[in-house]
Amino acid sequence: MTTTSVNPNDGLQSPRSPFLSVSVTDPAKMGNGVQAYISYKVITKTNFPEYQGSEKIVIRRYSDFVWLYDRLFEKYKGNFIPPLPEKNTVEKFRFSAEFIEVRRQALDTFVNRVASHHQLQQSDDLRIFLEADEQTMERARSQDTGIFKKKQTDLMQIFRDVQSKVTDVVMGKEKPVEESNPEYEKLKRYIFELEDHVAEAQKHAYRLVKRHRELGQSLADFGKAIKLLGACEKDALGTAFTELGAKSEMLSIKLQRKAHHLLMNFEKPLKDYVRAVQSIKGTIAERANAFRQQCELAEQIKLKEIDLNKLRILRSERMLDAEHEYEELKAEGQEATKRFEAIALLMNEEIVRFQDQKTQDLGRAFHEFAKGQARLAHAIADAWRSLIPKLDSLSVS
Amino acid sequence: MMEFENQSLEDSDLHLSKTDMESLALNDDDNNNNGNNHSPSSRSNGAVNGTVNGSVNHPLSSSSLPFAEIPTTDDTDPLLTSSSPNQNLSSFNSVLEPPSYADAVFGSFDGKHINGAGATSYDYLKISVTDPVKEQDPVNSLVPGGNTYVTYLITTWTNIVEYSGTEFRVRRRFRDVVTLSDRLADSHRGYFIPLRPDKSVVESQVMQKQEFVEQRRVALEKYLRKLAAHPVIRKSEELRLFLQVQGKLPLMRTTDVASRMLDGAARLPKQLFGESVVCAAVDPSDVAQPAKGGRDLLRMFKELRQSVVNDWGGTKPPVLEEDKEFLEKRKKMQDFELELTNVSQQAEAFVKAQQDMGETLGQLGLTYVKLTKFETEEAVFNSQKVRAADMKNVATSAVKASRLFRELNAQTVRHLDKLHEYLGVILAMNNAYADRSNALLTVQTLLSELANLNSRIEKLEAAASKIFGGDRSRVRKIEELKETMRVTEEAKNCAVREYERIKENNKSELERLDKERHDDFFSMLKGFVVNQAGYAEKMASVWETVASETSGYAAKSS
């Protein structure tokens, strides 16, 4: 599962070009009962100067990944942070092999995407995540949960606000603290609608996986029953039944395998898509936040200016302090504006990359899907066809 | 799933997909034509030609036809390829013509008996049931509008000599069918008589009237055709009367206790008081009928006692079922029935799973249609347009695959239906075996009677001989008993003859069943397998198109 990620700004494949390649492997169950969790081996190979060495292996658990995500989200406003697989607090307890494998792959994808993102890969938090020993990691993780718990609820509120603001704008109601950028509005609307569409596609993909499993199971049962029927009969008819039953059972296995293949190669990318869109919604919320801050500060500055002028006229001794405060506010305002504009700029870059990436991801998923379906169909056709001459010869014997 | 398809066709919003859907239809036809000319059919030709049913039936050589696109599906009559409004017309048309090629094709996979053509004979008896009409019984309705019933038009084409005619049309109601079935059961004991459709009183209240009537019409047609396919029953008087005679059905109705009481009142005293009544009135042929309720009470009691003696008594019953071969075969059939039931259930589950698969594929396709439209409308970047094109491919293929699954399933149902049918045949067989048991019981009962009478006579004779000059009353008693015994002896002989006759019927029917079973099941298996293979190939080609169109992405995968 190792993917070598090259710095996109560096097109040359020279051996001196900086690289950072990560893989998440070897899930292992740790602990007992309610406290049980899965640990993963994270292997890093790099020549980044900031990193300790060229190769490092650490043990991480799911909450460590969550920590990394939260830190990145906090620090890199405007960037679309690659999504994480869900918490799944209930299913976690069942820890089925499939669930673990699916999660491992998703985590691997996550880290790789971070490592190949030309801004995110510079993150210190990423370095800590990839290098720090377990104790440091644990300390870092537990320190932040307090802060981020609060953040989470804030975030939820922001989500709701953004959502309502979008619908308000769509409905034609203007709210004061809102960007009046038509292109951006279009983007927001697009993202929100996209989520519904993609979620639906993912739902049906998951159902399709289930259908394959069900069809496989029913074929197995049918095959077994027909074989029993064949045992009742003597001679040719009995043999025919038995052959058919065996074929059914064989095909049932193929179907089960196909179900797994579908899950990994078709449903997973769609799941990923959904999460990515949700992550973008988070970024939209951050942008709205930054915009609001900017506007609030602008308001405050205006008020301060009026205040200051008043004081100037009155030649009050508070005028110097007020001027001081005014300058401070103006600096803050500039900061806020810069922050907001940075986010907006980043978002524009990210959306292009996102669309490209998704076209690639989906294209690949579709290809795998179609290839898999075609292969399965051929296998089924061949299996049944091979039975025909046998049936013919048995029916006349 | 017609719903969502229609939706996508009619929903004017999906302007993008509407043309797609329409072009879909075109592509489908192309695919089908290609599919029929392509390797699937030629491969099956190669495998099949000149093997199984070499002779007149070349249905198997065109095994590509069964999995050709057939629009309406669940219809059990393969001759009807158009939708329901034209059903009546086309069924007439298709049956009026000489057996068409299509006829032979579908006929073979469903067994050769759909249209009553005997396997070896060239006489035919074709029946169709159509045109349900609600009628009112004018006589009995005290309540205006009450007591309505449905009659069906039964049309028969035949060249069987006994019918002296070629085409007949009569109107019959369901009650008449029940009568026919009961009379056949009486007169054809020992035969595997096809079971008539249920009375299903509850269903008739619950279902929509039209749906129920249609369901019943189909069931009646199936039943009559099965009767027409039975080598003995198709020549029966009862069936002929049913099919030919205009107006009221000239067969005796049954299970009406009141009429039977009136009917049998004359015979009641004899039955109730048994042997004390003058015996000449005993009609030996009565023993040829199984004991029925009402008038045969005493006989029933006696036979019941006998059967209890048989089962629980220590003494060996006078006549044993000795035919070991029969017992062996019956055991085998019981095993077969058990497994067949199981297979039939699994077949149902399999059909359901196929149906679900088709539905989900369709829904998936529809979702991608919507996504395609969305991305196309909202496209800001080129990558979105590319993605929209990809999604469109997937969408159309998924919808195609969904349709293929639906057709595949319809065909699968037709083939696997044979399993359900045979469960019915086994029930008919069990009935025939019950006839046999009943006849045997009658024989045993009479034998017991005879033994009983004999010992009583001996006792009386012994007692009478001790009295000098004889005992007038005893002597008279002895005479009466001897007379009874004579009649009973006759009855016993009659019963034995009947029993032997039924045994013969059982035997010949079993032979017939074995042969037919062999052929029917083979054609079912073959049909099922060919069907699955054919449709799988079609689906493979659908997906291969998408795979090749998206092959560019494969090269880029890490």
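A salt bridge here is a side-chain nitrogen of Lys or Arg within 4 Å of a carboxyl oxygen of Asp or Glu. Keep that rule handy for the exercises below.

The model is predicted, so local features need pLDDT of at least 70 and side-chain atom pairs count only at pLDDT 80 or more, while totals for chains, interfaces and linings use all residues. Residues are numbered from 1 along each chain as its sequence is written, chains are lettered from A in the order in which they are written, and side-chain values use heavy atoms, with hydrogens and water left out.

**Exercise 1. Get your bearings in chain A: find which helices and strands it has, and in what order they come.**

Step 1. Helices (H or I, at least four residues) and strands (E, at least two) are DSSP runs, numbered from the N terminus. By that rule chain A has seven helices and three strands.

Step 2. Walk along from the N terminus and you get β-β-β-α-α-α-α-α-α-α.

Step 3. Now for burial: buried means under 20% relative accessible area, exposed over 50%, and partly exposed in between (1.4 Å probe, protein chains only). Of the 397 residues in chain A, 49% are buried.

**Exercise 2. Work out which elements build the largest nonpolar core.**

Step 1. A nonpolar core is a set of buried Ala, Val, Leu, Ile, Met, Phe, Trp, Tyr and Cys residues joined through side-chain atoms within 4.5 Å. The largest one has 111 residues, and among those with the most contacts inside it are A:Phe266, A:Trp384, B:Tyr368 and B:Trp543.

Step 2. Look at who contributes: α5 (182-232), α6 (235-314) and α7 (319-396) of chain A, plus α13 (324-378), α14 (382-466) and α15 (472-549) of chain B, each supply at least two residues of this core. The top giver is α6(A), with 21 residues.

Step 3. Zoom in on B:Tyr368, using contact in the sense of heavy atoms within 4.5 Å. Not counting residues up to four places away in sequence, B:Tyr368 touches A:Ala201, A:Phe266, A:Leu270, A:Phe366, B:Met391, B:Val394 and B:Ala395.

Step 4. Don't miss the second, separate core: it has 32 residues, including A:Ile38 and A:Val114.

**Exercise 3. Describe how chain A and chain B meet, starting with how much area they bury between them.**

Step 1. Buried area is the accessible area (1.4 Å probe) that two parts lose on being put together, summed over both. For chain A and chain B that comes to about 6,300 Å², 73% of it on carbon and sulfur atoms.

Step 2. Chain A brings 66 residues to the contact and chain B brings 72 residues.

Step 3. Turn to the charged pairs: five salt bridges cross the interface of chain A and chain B. B:Asp356 and A:Arg211 pair through their side chains in a salt bridge (3.9 Å, N to O).

Step 4. On the side of chain A that touches chain B, α5, α6 and α7 of chain A give two or more residues. Here α7(A) gives the most, with 31 residues.

**Exercise 4. Three salt bridges inside the chains: for each, find the N-to-O distance and where the partners sit.**

Step 1. Start from the whole structure, which holds 55 salt bridges over all chains. In A:Arg113 and A:Asp361, the closest N and O atoms are 3.5 Å apart. A:Arg113 is in helix α2 (residues 97-116) of chain A and A:Asp361 in helix α7 of chain A, 248 residues apart, so this pair links distant parts of the chain. A:Arg113 is partly exposed at 21% relative accessible area, whereas A:Asp361 is buried at 11%.

Step 2. Both residues also belong to a network of salt bridges that links A:Arg113, A:Asp272, A:Lys358, A:Asp361 and A:Arg364.

Step 3. Next, A:Glu325 and A:Lys304 form a salt bridge at 2.5 Å, N to O. A:Glu325 lies in helix α7 of chain A and A:Lys304 in helix α6 of chain A, so the pair ties together parts 21 residues apart in sequence. A:Glu325 is partly exposed at 40% relative accessibility, and A:Lys304 is buried at 19%.

Step 4. Finish in chain B, where the side chains of B:Arg486 and B:Glu490 meet at 3.3 Å, N to O. They are four residues apart in helix α15 of chain B, which means about one helical turn separates them.
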